[in-house]
Amino acid sequence: MLRESSKAKGEAYDLSLLTGTKGDGNIPNGALLVAFAEAVLGDNDRRLQEIQAAIRDKMDDAAFVDAAAIVATFNAIDRVADATGIPIEDSKAASTADVRAALGINAFAEQRGEIADPRERAGVGRI
Amino acid sequence: MTAAAGAPSFICMTISYAQAPFAVRADIVAAHQQAWSRLAHPGTWLPGATRVAIAAEVRQTPQCALCLRRKQALSPYGVDGRHDSLGVLSERIVEQIHRIVSDPGRLTRAWFDGVVASGTPDTEYVEIVGVVATVVSIDTFCRALGLPAHALPAPVSGEPLRRRPGTARQRGEAWVPMIHPKDLEGELETPEERKLATYWGGVLANIRRALSLVPEEAYAWFQLVETQYLPGRWMRDFANEYRAITHAQIELIAGRVSVLNQCFY
C-alpha cells in the first residue's frame, strides 16, 4: 500500500524505511513515525515517552491518536494473518514481488515453512 | 448482568478516554466500547466468561518465562515446559493464546494442526484468534498513547450461538476454513452469512476472510479495524486524506509494524 500511495502521489517514498533504514524517506515525519512504531512494540518505556512527546510537539494530538490507532490495528492484524495462515493474494504477490525480495520480507514466510509467493504453488513462478 | 433473550445489548461503558490529556476520536471510543462489550458477551462458540478469561491470559503472556525462552530460541519448537498462566484456562488454550501473542511470526501449519489434534475445534480456535486480536489491538492503542490498559469487563452469562456457516470450506488457501465471497451470492442459510455478504460487497482480501469461519467475529473484528485504520473505500483513495496523518504516513507505520512482527502477509 505504501508503494501504491507513492505511485499515486508521484512521490518517491523510500520503502527501505520499513526495514529500519534511517531518515524520513521523503515522507513527512517518517523517521518519527517509524520510531513511534518501534517504541510501542518495544519495551523501553522512557524511549516511548520521548517519542510520544515529540509527535505531539511536531505534529499534533489528532495525528498522535491516529498514529496510535494504526500501530494498534496492525499489531493485531499481523496476529490474525499469522494465526490463520492466510496467503498473500495473487495480485498482491505479483505487484510486490520485487519489493518483498529486495527488503528480505520473503524470509518471514520461509521461516514458517510457507511459500512466499502463492503463484509458485500454481506453477506461475515468482517474478 | 445477564444476557437478555434475543439480541444482546452491546452498550458498555467500561471504556472511556475522558481522562486522556488529548481528544480521542469519538468513533474510536464507540468502537472500543462495542468491542469490549462483545468481549464480555457469549460469542459464537465460547461463553462470555471464557472470552474474558482469554483476554486476561493475553495480558499474562509477557510474564510467561516459557514464552520468553521460546522467543529467544533459534526455534520455539525445541523448547518445552509449562506456561506461566493465570490457571483459569486449560494448558491447551493457554498455549494457543501465548504463542499468538508472543511469537506469531513463527507459527507454522504443523503447530496449527497440533492445535486441532489436541482437541480445539477450528471454530473455537478462530474465535480465540478474534478475541486475542481485539485485546491486543485495544491494549496496544492504550500503550501507544501512554494510557493505562482498560479494566476487563465482567462476563455476561448466556449460551454461545454454536452455528457453523455452511459456506465456510477448506480450499487449501489458509490453515482454517474460510468463506469465499462467491459462496455468499446465492441463498444463504444463516443471518450471520447474510450480514457478512452485505458487508463484504465483493472485497476479496484474505485478511477480511481470515476469521470468516466465525462470521460474527470476522464482522466485528473488521468494524474495529476500519474505525482505527480506514474503511475499504478510503484505503486506495489517494486523492483524499481522511485522517490526521496521510495515506503514506499510515502505510509507513503499518508496514514497519508488520516487519517488526515478521509478518509476511
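Q: Helices (DSSP runs of H or I, at least four residues) and strands (E, at least two) are numbered from the N terminus; in what order do the elements of chain A run?
A: This is a predicted model, in which local features need pLDDT of at least 70 and side-chain atom pairs count only at pLDDT 80 or more, while totals for chains, interfaces and linings use all residues. Residues are numbered from 1 along each chain as its sequence is written, and chains are lettered from A and ligands numbered from 1 in the order in which they are written. Chain A has six helices and zero strands, and from the N terminus on its elements read α-α-α-α-α-α. Its C-alpha trace spans about 50 × 35 × 20 Å along the principal axes.

Q: How do I judge confidence, and what is the mean pLDDT of chain A?
A: Start with pLDDT, the predictor's confidence in each residue, from 0 to 100. For chain A the mean is 85, with 91% of residues at 70 or more. Residues 123-127 of chain A are below 50, and this stretch has 10 contacts in the model beyond near neighbours in sequence (a contact means C-beta atoms, placed from the backbone, within 7 Å). Chain B averages 92, and 94% of its residues score at least 70. In chain B, residues 1-11 stay under 50, with 19 contacts beyond four places in sequence. Where pLDDT is low, the predicted coordinates should not be read in detail. The model as a whole scores ipTM 0.93 and pTM 0.91.

Q: How are domains split, and which residues belong to each domain of chain A?
A: The bounds come from an automatic or database domain assignment. In chain A, domain 1 covers 2-86 and domain 2 covers 87-127. Their C-alpha centres lie 23 Å apart. Six residues of domain 1 and five residues of domain 2 make the contact.

Q: How do I read a helix pair, and at what angle do H2(A) and H4(A) cross?
A: Axes are lines fitted to C-alpha atoms, for helices over the stretch in contact, and angles run from 0 to 180 degrees between N-to-C directions. H2 (residues 30-41) and H4 (residues 61-84) of chain A come within 10 Å and cross at roughly 50°. That makes H2(A) oblique to H4(A) (under 35 degrees is roughly parallel, over 145 roughly antiparallel, 65 to 115 roughly perpendicular, and the rest oblique). The crossing is right-handed (near helix turned clockwise from the far one by less than a right angle; anticlockwise is left-handed). Leu33(A), Phe36(A), Ala37(A), Val40(A) and Leu41(A) of H2(A) meet Ala67(A), Val71(A) and Asn75(A) of H4(A). This contact has seven nonpolar, one polar and no charged residues (nonpolar: Ala, Val, Leu, Ile, Met, Phe, Trp, Tyr, Cys and Pro; charged: Asp, Glu, Lys and Arg; polar: the others, Gly among them).

Q: Now between the chains: how many residues does the contact take from chain A and from chain B?
A: Chain A gives 59 residues and chain B gives 63. On the chain A side, H1 (2-9), H2, H3 (45-58), H4 and H6 (106-110) each supply at least two residues. H4(A) brings the largest share, 24 residues. By class, this side has 35 nonpolar, 13 polar and 11 charged residues.

Q: What is the angle between H4(A) and H6(B)?
A: H4(A) packs against H6 of chain B (residues 122-145) at about 155°, with the axes 8 Å apart. That makes H4(A) roughly antiparallel to H6(B), and their crossing is right-handed. Among the contact residues are Val71(A), Asn75(A) and Arg79(A) of H4(A), and Val132(B), Ser137(B) and Phe141(B) of H6(B). The contact of H4(A) with H6(B) divides into 16 nonpolar, five polar and one charged. Val71(A) and Asn75(A) are also listed in the meeting of H4(A) with H2(A).

Key
Contact = placed C-beta atoms within 7 Å.
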